[in-house]
Amino acid sequence: MGPKEILFRALKDEFLLDRSLEPPFAPATQTQTQTNRAPDHFNFGRYLTLCLSSSLCHVVHVNIWTWAFFGIFSITIYLIMLVVQDLLVLAWIWVALGWMGLFFNIYFERKLIQIRDMFLPVELELELELTAATKQGATSSEATSLLEAGRQSRDLLPAWCSIDLDSYLERRSKLIKRMCPHMPDRQHTLFWFECEGPHFHMLLLQINLIFIGLSCAILLLTFFPEVFKACSLSVFLMYVILAVVPLLYIALKKQQMVATMSQVSCMGSFRRPDVIATVIREQKTAHVVRAFLVLEKMYQAAHTHHTPTNNMDQEITFNGQELADITTTFEAFDKNGDGHLSSTEIATVVTALGGPMEPEKLNRMISALDTDMDGHVSKQEFLQWYGTQVMASRGDGVDGDGDGDAHLNKTRAHRLFAIFDKNKSGKISIGEFKAILDKFSIGFTVDEVGEIVRELDEDGNIMIGLEEFEKLLEKYTPEELQD
């Protein structure tokens, strides 16, 4: 596991703990009523992605403080021009401003990394120290001894827990008290301007981006031509290098800076309940779409004369996330939680969703999964069937340009919609859709179902039609079933 994976894992673990901000900083429990609490299987990567997208959207909405900064900046430059009245001197002043911007960017980036590291448990710091000690030539046993000594001498809480809040409040300036009247917690103290820290970071980012564009334009249109006319070629080339290097460095590091800024702006006290709710809803929807596709494949088996074959010797591998997700689908069918699917459990789900099924077809459906013919479907049999049948069908009909994949999605949607649309009205209401989802015991609330319907509903009738159902499958088809 590389440093980035270790960092991501540690941030996710600490995010899921959702510690109290007061000593002894106990983690939140599943039984506590907390709207911010994320489940253990929470897709933290998706959460960071959505928060990053939100940050990038806010970049283009330049606020009044950004314009005020550049208004003051323009007036200052104008006054300097009145005093200096030498374009060549101004050209070198502009280069100096570029380098000042570079040094501030380095400082800003280190500040962001410092804030992010304060959310890391000390266990991770020890692990990174172990890696560093090994790289510096220490033997594995020596490095391990250092690690164990560190574990014995340090508290394994994240670094922000060690902040002396009382001492900080005593040193708090009048300016900060006026600009941030709310009482800060320990995590707020990590930021410039405390609870307004993320907004101030966005202000700095906007200023940064506008400055790069403005500086490039002024250099190309004004200072480069002036220096080229007034100086020798060697001086001009040196000027170009000195002017371009800081801007180039700032631009190249911007991606990493924005990612880190987004991370620290959605952790701890600044976690985003709305985004958490969106990610949970998306995960639930992906789970139920997987269950839909499993059900569709079962119906295919029921209508096909199938000779059971034992595929248990065929090696099927899943990554950790896929295994967890497919296990959730298995558990949606395993109503009594005994780790096996009985014929009664399968019949109950199938009948509840699609109505009564002929015993012969039901037997064919079950025999497709029950490869050892012992009367029930084990989790291993389900995983093997999923890998050899459901995942194997993901490329059916693909012709190289994506049309086959679209046709397969349409075919699946038509089959499933025909199962769920019991009254053949061509529409599924919110109530009917929730009743379908409840059969899989994934835990959708009425609000979450309403959000899904509103997301897909194009004609505004608060109903799901066939085309909208196709879009549901297309958008939320699990990654392991996509080409």
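**Exercise 1.** Determine how helices α9 and α10 are oriented relative to each other.

*Solution.* Begin with the axes: those of α9 (residues 197-230) and α10 (residues 233-264) come within 11 Å and cross at roughly 165°. Here an axis is a line fitted to C-alpha atoms over the stretch in contact, with angles running from 0 to 180 degrees between N-to-C directions, and a helix is a DSSP run of H or I with at least four residues. Next, recall that angles under 35 degrees count as roughly parallel, over 145 as roughly antiparallel, 65 to 115 as roughly perpendicular and the rest as oblique. The two helices α9 and α10 are therefore roughly antiparallel to each other. Finally, the residues of their contact (heavy atoms within 4.5 Å) divide into 22 nonpolar, 3 polar and 1 charged.

The model is predicted, so that local features need pLDDT of at least 70 and side-chain atom pairs pLDDT 80 or more, while totals for chains, interfaces and linings use all residues. Residues are numbered from 1 along each chain as its sequence is written, and side-chain values use heavy atoms, leaving out hydrogens and water.

**Exercise 2.** Describe the surroundings of Thr 260 in helix α10.

*Solution.* First consider accessibility: Thr 260 has a relative accessible area of 5% and is therefore buried, a term that means under 20% with a 1.4 Å probe and protein chains only. Then list its neighbours: leaving aside residues up to four places away in sequence, Thr 260 touches Leu 112, Ile 113 and Arg 116. Lastly, the side chain of Thr 260 reaches the backbone oxygen of Gln 256 at 3.0 Å.

Notes. Ala, Val, Leu, Ile, Met, Phe, Trp, Tyr, Cys and Pro count as nonpolar, Asp, Glu, Lys and Arg as charged, and the others, Gly among them, as polar. Buried means under 20% relative accessible area, exposed over 50%, partly exposed in between (1.4 Å probe, protein chains only). A polar contact is a pair of N or O atoms within 3.5 Å; within protein, one must be able to donate a hydrogen and the other to accept it, and residues adjacent in sequence count only if both atoms are side-chain atoms.
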